[in-house]
Amino acid sequence: MTTRREKDSLGEYPVPADAWYGIQTARAVENFPISGRAPDRDFIVAHARVKIAAARVNARAGWLDERLAREIERVATAIADGQYHGEFVVDRFQAGAGTSHNMNTNEVIANLANVALGGERGVYHPLHPNDHVNMGQSTNDTIPTAIRLAALAKLTRLVSTTHDMARAFDALAAREQDTVKSGRTHLQDAVPTTLGREFSAYAWTLKRCARRIQDTAVDLGELGLGGSAVGTGLNTPPHYAKQVCAELATLTGEALRPAPDLCAQMQSMADIMQLSATIRGLALELTRITNDLRLLASGPRTGLAEIRLPPVQPGSSIMPGKVNPVMLEMLNQVCYQVLGQDAAVAAMTQAGQLELNVMMPALGSALFDMMDWLTRAMTAMTRRALTGIEADRDRCRAYAHASVGLATLLNRAIGYSAAARVAQESEASGRPIADLVAAHGLMDHQAFADLVARAASGDPS
């Protein structure tokens with residue numbers, strides 16, 4: 001590999017000749033061959049936007065030459081638009097706080113800008129990665145800002161995907177609102193309900209999860225940018241924090257503002273932890289709902305088989321004709337992984353010390369994984385499974401009318417004890433509750449069927 005030699009405070013070091021990054025990035029590549037995972041795309045974009053905003057404010061303050069500011073903005077905009085992402089090569093597990101990624105961004109922008117200005121790679125003139133691209137900034141305020149901005153971008157997609165799934169359940173609920181079935185508590189026969197009510201409950205739960213996730217955006221919009229190294233605002237122009245947040249708000253379309261305490265927003269990752277906690281809540285609810293669907297679809301002959309999932313692939317390498325609930329199984333696995341990442345976020349949230357949380361690179365990566373995995377998994381689940389669900393209405397009806405739980409409908413007519421005896425008789429004899437009700441002269445079959453239908457629909461009469 002052809003290299004060029006660059007020099008920093010530690011001495012000289014080889015850098016790939018055709019790389020747009022520089023010496024500090026090259027050192028980090030050598031130091032951190034850990035996960036093999038490049039930085040998150042939304043994070044790269046967010047960090048580039050921080051550089052744009054800073055250049056604009058520094059130029060207006062007269063601290064940064066207008067020509068250099070324009071070049072920083074031009075290159076950083078190209079990065080934000082998706083160009084040069086292959087130049088971001090530092091592993092996700094890297095130097096604490098994200099210094100290596102910050103310098104990766106500074107060096108790429110500086111080299112691209114200098115070449116455009118007639119200079120050459122690795123010769124940081126007229127534009128220097130620290131003095132100009134990083135002016136008024138520190139890793140300590142740009143990295144947590146970029147994490148929050150990337151989280152806000154992902155939050156929008158995750159909330160939208162959650163609502164998509166909720167709408168799919170709502171559509172199923174409307175279609176199956178009159179499909180009477182047996183309810184089950186403790187996995188035992190219970191009073192009748194409808195398949196529509198079950199689906200509607202899933203939709204409502206997902207909407208609540210989406211609302212709780214969305215609510216975290218308010219705190220995420222409080223940025224510590226402008227705090228510089230330890231939250232004091234050292235080496236920043238007057239009113240920098242307010243102005244740079246305004247520029248970022250324009251660039252991102254998000255409601256952003258300076259944190260009331262820039263030092264606190266550098267020390268504390270509590271807002272990120274809260275977002276992670278709400279995503280954990282979504283994952284737990286999705287796991288429960290997915291497990292329910294797997295039970296309802298179990299069969300086709302020896303399970304509940306109240307619903308049928310669309311077949312998307314053969315299910316067995318040895319059993320011909322077998323079709324498994326693979327999309328549901330996939331979502332379960334993703335949810336369990338999300339719970340692990342949430343635990344990592346929680347542990348790293350409390351790992352901050354004094355003025356800084358140095359766990360930010362891995363903390364951000366764990367959060368990004370949670371959000372991306374769930375967004376993709378829920379999208380696939382909705383498209384490949386939910387929209388194709390079919391109800392076996394005959395099966396649902398048969399279970400409903402065979403359920404011992406129907407004896408509960410007799411409570412008001414004959415009392416709990418007498419109804420319990422009817423239930424016991426049904427279980428011992430195998431005769432349906434409806435037959436026993438008719439045999440005991442309590443009501444005829446049609447009247448009892450009407451009672452079942454009203455009970456399933458929630459009609460208290």
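**Pocket, cavity and helix α1**

In this predicted model, the largest pocket holds about 510 Å³ of space. Its lining is made up of 23 residues, among which Ala-297, Pro-300, Arg-308, Leu-309 and Val-323 are the closest to the centre of the pocket. Two elements, β7 (307-308) and α12 (326-349), each give two or more residues to this lining. The largest share comes from α12, with three residues. By residue class, the lining of the largest pocket consists of 14 nonpolar, six charged and three polar residues.

Enclosed space was examined next. One cavity of 30 Å³ or more was counted, and the space in the largest cavity amounts to about 130 Å³. A set of 16 residues lines the largest cavity, and those closest to its centre are Pro-39, Phe-43, Arg-92, Gln-94 and Pro-361. Helices α6 (139-175) and α13 (360-384) are the elements that give two or more residues to the lining of this cavity. Of these, α13 provides the largest share, namely five residues. Eight nonpolar, five polar and three charged residues together form the lining of the largest cavity.

The burial of helix α1 was also considered. In this helix, which spans residues 23-31, the buried residues are Ile-23, Thr-25, Ala-26, Arg-27 and Ala-28. The cover over the buried residues of α1 includes two strands, β1 (3-8) and β2 (11-16), together with helix α4 (99-116).

Note on methods:
Residues numbered from 1 in each chain as written. Predicted model: local features only at pLDDT ≥ 70, side-chain atom pairs only at ≥ 80, totals over all residues. Heavy atoms only, no water. 1 Å grid on protein atoms, 1.4 Å probe; cavity = no way out; pocket = protein on both sides within 12 Å on 5 of 7 lines; lining within 4 Å. Points joined across faces, edges and corners; volume = space filled by probe spheres on them. Helix = DSSP H or I, 4+ residues; strand = E, 2+ residues; numbered from the N terminus. Nonpolar A, V, L, I, M, F, W, Y, C, P; charged D, E, K, R; others polar. Buried < 20%, exposed > 50% of the residue type's maximum accessible area, 1.4 Å probe, protein only. Contact = heavy atoms within 4.5 Å.
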